[in-house]
Amino acid sequence: MVTQIISTMETQVSNGPSGTSLPNGPVISSNGATDDSKTNLIVNYLPQNMTQEEFKSLFGSIGEIESCKLVRDKITGQSLGYGFVNYVDPNDADKAINTLNGLKLQTKTIKVSYARPSSASIRDANLYVSGLPKTMSQKDMEQLFSQYGRIITSRILVDQVTAGISRGVGFIRFDKRNEAEEAIKGLNGQKPLGAAEPITVKFANNPSQKTGQALLTQLYQTAARRYTGPLHHQTQRFSMIPSLGKGPDPNNSSKPILDNLLNASYGVKSSPTLFPRFSPITIDSMTSLAGVNLTGPTGAGWCIFVYNLSPEADESVLWQLFGPFGAVTNVKVIRDFTTNKCKGFGFVTMTNYDEAAMAIASLNGYRLGDRVLQVSFKTSKQHKA
DNA sequence: TAGGATT
């Protein structure tokens, strides 16, 4: 059965660093070791096909990175959908959380938060819960489990076809493994207050522990994508565009992501009716232009010219706009040297032609606040201008 | 009855 995630509600407990802070630069403790609790971030819910390079490019647009790593499966090399970014400056880590947490990339909404110090005690602390009453919300479930420790994430799976009815199964990740153990002891086989049936609580399987068949399937898909490009879900991708006009994801408790940065242009009435719908004609006409006077796809990918950005626009705006369409390798806002304000345009590099074409077809003419964007493949003529 | 949260 097809399922989807209800949400990735944040817990009330802060995941932030503790201890004394310095205004700038790495924090050095008395024993000489660097304390990266204010610079090291964990990034979750990354798109499956995002590469290390794209990952670095996205987070490097915020500030200087000390190190970053997209975590991969040791055997298949596939992304595990999360990674770490350690900034040089704690202020940039803070900025990355404020501007990139909640960013929509393809079908995912990424989560950016401080990484907890690595420790054996925080591993294998994820629980699988089944037999939950269908009426139990994510909050209800957290309330039930929170007596056993600090909850890092929780989710309830829902049926897609019945528009979000709980399937009665979910996950609870505790901060510490021993907290998860206590929750199993206390809740497995117990009936929640008012429930007719007892719930089952056990350690979740590690998602990377796949069956041989699943591994083969994954390897096959990986190989197939090398030749045919990523699988496309155009309807899904397009359905995300009107959401640009709706502001931050209400399921994500991050601060209003881009509102401040964009003169609240995401928050006001960016009418979906003004949004140019997918047009096969548009795509065909662009396809016919390929190779005529475009700069792509040399090396890094297809370069896209974005015109009529506001003076306040920054790189995260471009990630926000183009990320949902596919692999973005680089974004650049062109700024005035003296004022550091955006000069009204920028560039985006996308790996795949069809994803770039789709982004252009969708975003050219898109109203961003009180501005109408002009989006096209970068041409040699524009390059000279 | 199945998510990609610790390099």
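Let's call a residue near a strand when one of its heavy atoms lies within 4 Å of that strand. Keep in mind that what you have in front of you is a predicted model. With that cut-off, 39 residues sit around DNA strand B, and the ones that come nearest are N40, K111, R116, R155 and N205. Looking from the DNA side, sugar and phosphate make up 41% of the strand B atoms that come within 4 Å of the protein.

A few specific contacts are worth pulling up in your viewer. Start with N40: an N or O atom in its side chain is 2.3 Å from a base oxygen of DNA strand B. The side chain of N44 has an N or O atom 3.0 Å from a sugar or linking oxygen of DNA strand B. For a phosphate contact, go to R167, where a polar side-chain atom lies 3.0 Å from a phosphate oxygen of DNA strand B. Zooming out to the elements, those giving two or more residues to the surface near the strand are β1 (3-5), β4 (40-44), β6 (79-87), β9 (111-114), β10 (126-130), β11 (151-159) and β12 (165-174). Strand β6 gives the most, with 5 residues. As for the chemistry of that surface, its residues split into 15 nonpolar, 15 polar and 9 charged.

Now for the backbone. Y45 is not a glycine, yet its phi is positive, near 65°. You'll find Y45 in the loop between β4 and α1 (52-60). Its relative accessibility is 22%, so Y45 counts as partly exposed. Q106 is another non-glycine with a positive phi, this one about 55°. Q106 belongs to the loop between β7 (104-105) and β8 (108-109), and at 9% relative accessibility it counts as buried.

Next, the charges. How many salt bridges does a search of the whole structure find? The search turns up 6. One of them brings back R116, already named among the residues that come nearest to DNA strand B: its side chain meets that of D175 at 2.6 Å, N to O. This pair links distant parts of the chain, with D175 in the loop between β12 and α4 (177-187), R116 in the loop between β9 and β10, and the two positions 59 residues apart. D175 is buried, with a relative accessible area of 8%, whereas R116 is partly exposed at 22%.

A second bridge pairs R177 with E181, at 3.3 Å from N to O. Both residues lie in helix α4, 4 residues apart, about one turn of the helix. An α-helix has 3.6 residues a turn, so residues three or four places apart point the same way. R177 is partly exposed at 30% relative accessible area, and E181 is partly exposed at 32%.

E312 and K341 form another bridge, at 2.9 Å from N to O. E312 lies in the loop between β14 (302-307) and α8, while K341 is in the loop between β15 (328-335) and β16 (342-350), so the pair ties together parts that are 29 residues apart in sequence. E312 is partly exposed at 33%, and K341 is partly exposed at 35%. Salt bridges that share partners also join R116, D175 and K176 into one network.

Last stop is helix α8, residues 315-322: 8 of its 8 residues are buried, so it is largely enclosed by the rest of the structure. Among the buried residues of α8 are E315, W319 and F322.

Methods:
Residues are numbered from 1 along each chain as its sequence is written. Chains are lettered from A and ligands numbered from 1 in the order in which they are written. This is a predicted model: local features need pLDDT of at least 70, side-chain atom pairs count only at pLDDT 80 or more; totals for chains, interfaces and linings use all residues. Side-chain values use heavy atoms; hydrogens and water are left out. A polar contact is a pair of N or O atoms within 3.5 Å; within protein, one must be able to donate a hydrogen and the other to accept it, and residues adjacent in sequence count only if both atoms are side-chain atoms. Ala, Val, Leu, Ile, Met, Phe, Trp, Tyr, Cys and Pro count as nonpolar, Asp, Glu, Lys and Arg as charged, and the others, Gly among them, as polar. Buried means under 20% relative accessible area, exposed over 50%, partly exposed in between (1.4 Å probe, protein chains only). A salt bridge is a side-chain nitrogen of Lys or Arg within 4 Å of a carboxyl oxygen of Asp or Glu.
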